[in-house]
Amino acid sequence: SSRSLHEMLRHIDRSRIEPVVWCRKEGPVQERYRAAGIETRVVPDMPSITSLPRLSRNLYTFGRFLLADWPRSAKFRRTLAHAAAQFDLIHCNHESLFLVSRWLAPRITTPVTFHIRTNLWDSAFARFQVQTIAKTAAGIVFITENERDTFKRHLGAKPKGRVIYNPAALPVTLPAPFPGIARDSRLRLACLSNFSWGRGVDRLVDLAEALAAAERRDIHF
């Protein structure tokens, strides 16, 4: 489960919808669901896999998945197929469940939907993943236009679905300004992110240096 899914389900009209959440890992989100009166189950054998940037990593990951993770998930898949008859909708909250949906869809009459949260690196594996989701999903939700456009490029066609931004909870109390930052008229920018070369966070340093070279003093990183 994602925090955004929890936030959405916490506000859903419970007189019309009764959600049940299956999580692959134990964590603090289960207690949050219990506090909201939402049933949860932890199913560690739920198989998940997604395409990766390099061919070697894809071959290794998919090979390990097919030889180990998929056979180990047989009981989970039978349980899921049986449970699907009790529900009006099965929602896969991450595109890494695409092989589960590929197996499940022809065995049930319950529609399956997907949440697309990431931008996959272009590869034969990514295109296979996207095509599988497009074929098995009755509907698709994209977290932003960017994920929708990436999905469209990999698919080679307009996907069926829509963009719905992730909900976020308002803080109970607003944080106080950090005392180390001057309270002046400059535009203040903060980057709160895990460092990753692929995400280009390091380019903020280049941008700051370029602004300094241009003698711009009205922006504070």
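## Cysteines without a bond

Cys 23 is a good place to start: with a relative accessibility of 2%, this residue counts as buried. Keep in mind that you are looking at a predicted model. So where is the closest partner for the sulfur of Cys 23? The closest cysteine sulfur belongs to Cys 92 and sits 13 Å away, which is too far for a bond. A disulfide needs the two sulfur atoms within 2.5 Å.

Cys 191 has another setting: its relative accessible area is 42%, so Cys 191 is partly exposed. How many disulfides does the count give? The count comes to zero.

## The chain as a whole

Let's step back for a moment. The protein chain contains eight helices and eight strands. If you draw a box along the principal axes, the C-alpha atoms fill roughly 65 × 45 × 30 Å.

The chain has 221 residues, and buried ones make up 33% of them. Now think about who touches whom. Take the contacts between residues at least 6 apart in sequence: 50% of them join residues at least 24 apart.

## Two nonpolar cores

Next, the greasy parts. The largest nonpolar core has 33 residues, and Phe 114, Ile 133 and Phe 151 are the ones with the most contacts inside it. Which elements give two or more residues to this core? They are the helices α3 (55–72), α4 (74–84), α5 (98–104) and α6, together with the strands β3 (90–92), β4 and β5.

Apart from that core lies another one, made of seven residues. Leu 5, Val 29, Tyr 33 and Ile 38 are among its members.

## Helix α7, one face at a time

Phe 151 turned up in the largest core, and it is also one of the buried residues of α7. The others are Glu 147, Thr 150 and His 154. Why do these residues line one face of the helix? Looking down the axis of α7, you find the buried residues within an arc of 100 degrees, so they share one face. Here is the handy rule behind this: an α-helix has 3.6 residues a turn, so residues three or four places apart point the same way.

What do the buried residues of α7 pack against? Their neighbours are β4 (112–116), α6 (124–136) and β5 (139–142). The ends of the helix deserve a look too. At the N-terminal end, Thr 144 acts as a cap, with a side-chain oxygen 3.1 Å from the backbone nitrogen of Asn 146. Just after α7 comes Gly 156, which takes a positive phi of about 80 degrees.

## Zooming in on Thr 150

Thr 150 belongs to α7, which spans residues 145–155. Is Thr 150 buried or exposed? Its relative accessible area is 6%, so Thr 150 is buried.

Even there, the side chain of Thr 150 has a polar partner: it makes a polar contact with the side chain of Asn 119, at 2.6 Å. Setting aside neighbours within four places in sequence, Thr 150 is in contact with Asn 119 and Leu 120.

## Salt bridges

Time for the charged residues. The count comes to 10 salt bridges. One of them joins Arg 14 and Glu 18, with the closest N and O atoms 3.5 Å apart. Arg 14 is partly exposed, at a relative accessible area of 31%, while Glu 18 counts as exposed at 52%.

Arg 127 and Asp 122 meet in another bridge, with 2.8 Å from N to O. Arg 127 is partly exposed with a relative accessible area of 32%, and Asp 122 is exposed with 53%. Then there is the bridge between Asp 184 and Arg 186, at 3.0 Å from N to O. Both of these residues are partly exposed: Asp 184 has a relative accessible area of 33%, and Arg 186 has 26%. Some bridges share partners as well, joining Asp 45, Asp 69 and Arg 72 into one network.

## An odd backbone angle

Finally, find Glu 215. This residue has a phi near 60 degrees, which is a positive value in a residue other than glycine. Where is Glu 215? Look in the loop between α8 (203–213) and β8 (219–220). With a relative accessibility of 64%, Glu 215 counts as exposed.

Methods:
Residues are numbered from 1 along each chain as its sequence is written. This is a predicted model: local features need pLDDT of at least 70, side-chain atom pairs count only at pLDDT 80 or more; totals for chains, interfaces and linings use all residues. Side-chain values use heavy atoms; hydrogens and water are left out. Helices (H or I, at least four residues) and strands (E, at least two) are DSSP runs, numbered from the N terminus. Buried means under 20% relative accessible area, exposed over 50%, partly exposed in between (1.4 Å probe, protein chains only). A polar contact is a pair of N or O atoms within 3.5 Å; within protein, one must be able to donate a hydrogen and the other to accept it, and residues adjacent in sequence count only if both atoms are side-chain atoms. Contact means heavy atoms within 4.5 Å. The arc is that of the directions from the helix axis to the C-beta atoms. A nonpolar core is a set of buried Ala, Val, Leu, Ile, Met, Phe, Trp, Tyr and Cys residues joined through side-chain atoms within 4.5 Å. A salt bridge is a side-chain nitrogen of Lys or Arg within 4 Å of a carboxyl oxygen of Asp or Glu.
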